[in-house]
Amino acid sequence: MKKLLSVITLYWVLSSFNLFAQTPGIIVRPAGSSGPAVLDPNADAYTSKTTAGFGTDDILNSEILYKVVPPVIAEPTGDLLRGPNGKYSDIVKTVDGSGFYLFNDGTNLLCRIRMGGIVSGSKGYSILIDTDSKIGNTGAYADPNYVAATNGVNGNPGFELEVVFESNFRIAVYNVDGTSTPVLVTSYAINTNSQISVAASSDGGDADYFYDFYVPFSVLGISAATPIRVSATTVMSPQAAIGGPKSDIYGVSGNDYMTQWTTAISSQPPFTFNSLSSGGSGLGAICTDAPVLNGPVTPSATTVTGTWTKATTSSLSSATITLYKGAVSIGTATVSSGASWSISVSGLANADVLTAKAQASGESMCLSSNAVTVSACNSANMPSTPILSCTSGSKGISGTNLTTGWTIHADNVTRSTAENSVANTGGFFGANTGTSPNITWQYSGGCSTGSPLTSGSYKIYYTDNITGCNSQPAYFCAAGNGGNALAGSLAVPTITSPSTGVYTPATTSITGSATTGATLSLYINGIVAKTTTAAAGTFTFSGLTFLIGQQFYIVAELNSGTVGTSYCASQTTTATITCFTSAPVITTSSSNQLTTGAAITGTSAEPTGTVIKVYKSANTLVATTTVQSNGAWSTTNAGTTPATYTALAATSYFANAQNGSCGLSENSSTVATASATGSARCGTITGPVTETATTVSGTLSGTTLAGTVVTLYADGISVGTYTTANNAWGPITVNTTVNNSVYAGAVLTIGIA
């Protein structure tokens, strides 16, 4: 059982008076010299326009006129996931609520973050970049490379690049696309590509600082005209925020970093590197959340409807909806949050693409709704799928659900021949019997008479003669024999991604395996949405936009042009689009362990009441509980079934979530309890400890002390371990690398296992 048992704060080498006495604008790192030429163009060792300092405005009076990156809300102080409030990992604000700035000097991307403090220890100051205008796991902008968070550190909502000021170490550029494990692209020296100066603000009553750093824009591998969105995030160790111990995320608040990042990016108006060459707030106000556009829409429609709900971070409860046909506005409406809207339309045509945008007062209209394609044919008005009453013999085909005014089609896909009941009445098609909508029809003598069917894969469908809409097809295989025999039937396509078999609006691509050369058609609500060909045994449908409740299936056909090497078609089962449930996170200690005898707790991005199920690693359900109003859950909350539960020693656990009728989430990461220790075991750190220390030691008290593993933490990050032989622990070596440094102001603690 791991315990935090001793706390000691390192002594400051410089007095706080000396820090306050420094003129706002002066560069304190590198101390005593001018800053890098890119960041301090006039080489006067100040980031202000002159050595007189910023005065009262460190944005207008900055030597470099950085452009403000607008926050979703005024940057809060003390909204940290970890770390000390108001200090070196806390992004703070000035009078306009901002704390993050960017600039383009023609060659380089310059970044500035306003921090609540400065420290000699090694931390990360990160700029995460979205380059494909996709973020999160739901909605029209869902990122296909979304990586769910499962352990409180990993996960990536859709960022592609990351630039990090790793203090005492380097300026690093990472490729983070579709991963929780950043890949280093390149790095630059601290002294040439970064500096720290005193800001004019004093949020929290003490001095604030500007952390400035830059990289050549060319190393990012994107065009200067590429729309991008960015998030500033601090990290408690010198590494990327993706996969690292995050502390503060700019311009949002909360305890779920995936939701915070998604909110920050979704609310930010896209901009380009080219737009950063002047100061001010020209990036624009935050984006109003996108509306939802209802479908289907026919050419004869006189109204188009939808819904709109404001962002949880917005105080504005109404917005103006603008409807677009292509890029042209065709109407507006005003709507209150959570309500429906309706816009009158006329003159719509088949294949017109409709979208809608929302704009609340003082916000930007930069997010589009889902797209709806105008079509005379949709799941509501197309004919029924043919019901074939005879599909096992080779004599012919019969159907039972024909309606007057429909044409029957019997296409031999293998032989590229098409027959229909209009052109072939009295030929292949016999006389109909019965009445609409259950007219029975037959082709090639039906089930019992006439010559055998020509071998091939038959596609049977109806057409409404008035609207021209086709039904979904039914398939029939006449295998044939001898020289007229087909090669067989295609294997049913197998979907390999998403591997869970759960499809949501976040599903923007589907990948699977199928016979090489087969043509695959993706049907959404009975209409062909995408077609592709399987190559090397695999296929992918990309650029998909699904809505909750839609149904889809995939049909495979292979017509080689020769009967003997052609196959009968196959079809997957029908799947339904459900809402998405994100995986919960289990809260662990800094060593990623649970505490024996304590509740298993965690957080969830899902709404209050979402069901959390906790399992032993052997897939044994041990507790079911619900998410509370603050996003937290616990196996000792009231209402936990079958009873409140505490973690067992030497046992591993995982959890998943179910939000109402939405799909079951993926499992969280599996975490284990630490080995149990004597309940009376305690420990201390021998102090004082200064930032020049080379080792840290201490003592333990209690029983069974030999073989105890002591972990030393600086601000919650492990800097070393020691296994005891008696009641003494240490020395643990410190200050030899960027990853085991201790520094003035750091809080040291120990853990015992």
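## Pocket, loops and rings

Modeller: By class, the lining of the second largest pocket has twelve nonpolar, ten polar and one charged residues. Keep in mind that this is a predicted model.

Biologist: Happy to start there! Which residues lie nearest the centre of that pocket?

Modeller: Nearest the centre are Ala-371, Val-372, Thr-373, Ile-524 and Gln-550, out of 23 lining residues. The volume of this pocket is about 760 Å³.

Biologist: And which strand gives the most to the lining?

Modeller: Strand 32 does, with four residues. Strand 20 (372–373) and strand 32 (527–533) each supply at least two.

Biologist: Let's look at the loop leading into strand 32. What makes the phi of Asn-525 worth a remark?

Modeller: Asn-525 is not a glycine, yet its phi is positive, about 50 degrees. Most residues other than glycine have a negative phi. Asn-525 sits in the loop between strand 31 (519–524) and strand 32. Ser-133 is another such case, with phi near 60 degrees, in the loop between strand 6 (124–130) and strand 7 (161–166).

Biologist: Why is Asn-525 called partly exposed?

Modeller: The class runs from 20% to 50% relative accessible area. Asn-525 has 27%, so it is partly exposed. With 25%, Ser-133 is therefore partly exposed as well.

Biologist: What kind of peptide bond joins Gly-295 and Pro-296?

Modeller: A cis one, with omega about 0 degrees. Pro-296 lies in the loop between strand 14 (292–293) and strand 15 (303–308). The bond from Ser-497 to Pro-498 is also cis, with omega near 5 degrees, and Pro-498 belongs to the loop between strand 29 (494–497) and strand 30 (510–513).

Biologist: On to the rings. Why is the pair of Tyr-125 and Tyr-211 called tilted?

Modeller: Two values decide that. The centres are 4.4 Å apart, and a pair needs them within 6.5 Å. The planes meet at 40 degrees, which is neither under 30 (stacked) nor over 60 (edge-to-face), so the pair is tilted.

Biologist: What does this pair tie together?

Modeller: Tyr-125 is in strand 6 and Tyr-211 in strand 11 (residues 209–216), so the pair links parts 86 residues apart in sequence. Tyr-125 has a relative accessible area of 1%, and Tyr-211 also has 1%. Buried means under 20%, so both are buried.

Biologist: How many aromatic pairs are there?

Modeller: The count comes to 23. Ring pairs also link Phe-428, Phe-429, Trp-441, Tyr-443, Tyr-458 and Phe-476 into a cluster.

Biologist: Now a loop residue, Met-236: how do you know whether it is buried or exposed?

Modeller: Its relative accessibility is 1%, and the limit for buried is under 20%, so Met-236 is buried. Its place is in the loop between strand 12 (229–235) and strand 13 (246–249). Among the residues that Met-236 touches are Arg-82, Tyr-88, Lys-123, Asp-715 and Ile-717.

Biologist: One last thing: what makes strand 37 and strand 42 the edges of their sheet?

Modeller: The sheet is open and antiparallel, in the order 37-39-42. Strand 37 (585–586) and strand 42 (632–634) have a single partner strand each, so one side of each lacks a neighbour in the sheet. Strand 39 (residues 601–603) is joined to strand 42 by three bridges, and Gly-602 stands opposite Trp-633.

Definitions and conventions:
Residues are numbered from 1 along each chain as its sequence is written. This is a predicted model: local features need pLDDT of at least 70, side-chain atom pairs count only at pLDDT 80 or more; totals for chains, interfaces and linings use all residues. Side-chain values use heavy atoms; hydrogens and water are left out. On a 1 Å grid over the protein atoms alone, a cavity is a set of points where a 1.4 Å probe fits but cannot get out, and a pocket is an open set with protein on both sides within 12 Å along at least five of seven lines; lining residues have an atom within 4 Å of a point. Grid points are joined across faces, edges and corners, and a volume is the space filled by probe spheres set on the points. Ala, Val, Leu, Ile, Met, Phe, Trp, Tyr, Cys and Pro count as nonpolar, Asp, Glu, Lys and Arg as charged, and the others, Gly among them, as polar. Buried means under 20% relative accessible area, exposed over 50%, partly exposed in between (1.4 Å probe, protein chains only). Two strands pair if DSSP finds at least two bridges between them. Contact means heavy atoms within 4.5 Å. Rings of Phe, Tyr and Trp (its six-membered ring) pair if their centres lie within 6.5 Å; planes under 30 degrees apart count as stacked, over 60 as edge-to-face and the rest as tilted. Lists of a residue's contacts leave out its neighbours within four places in sequence.
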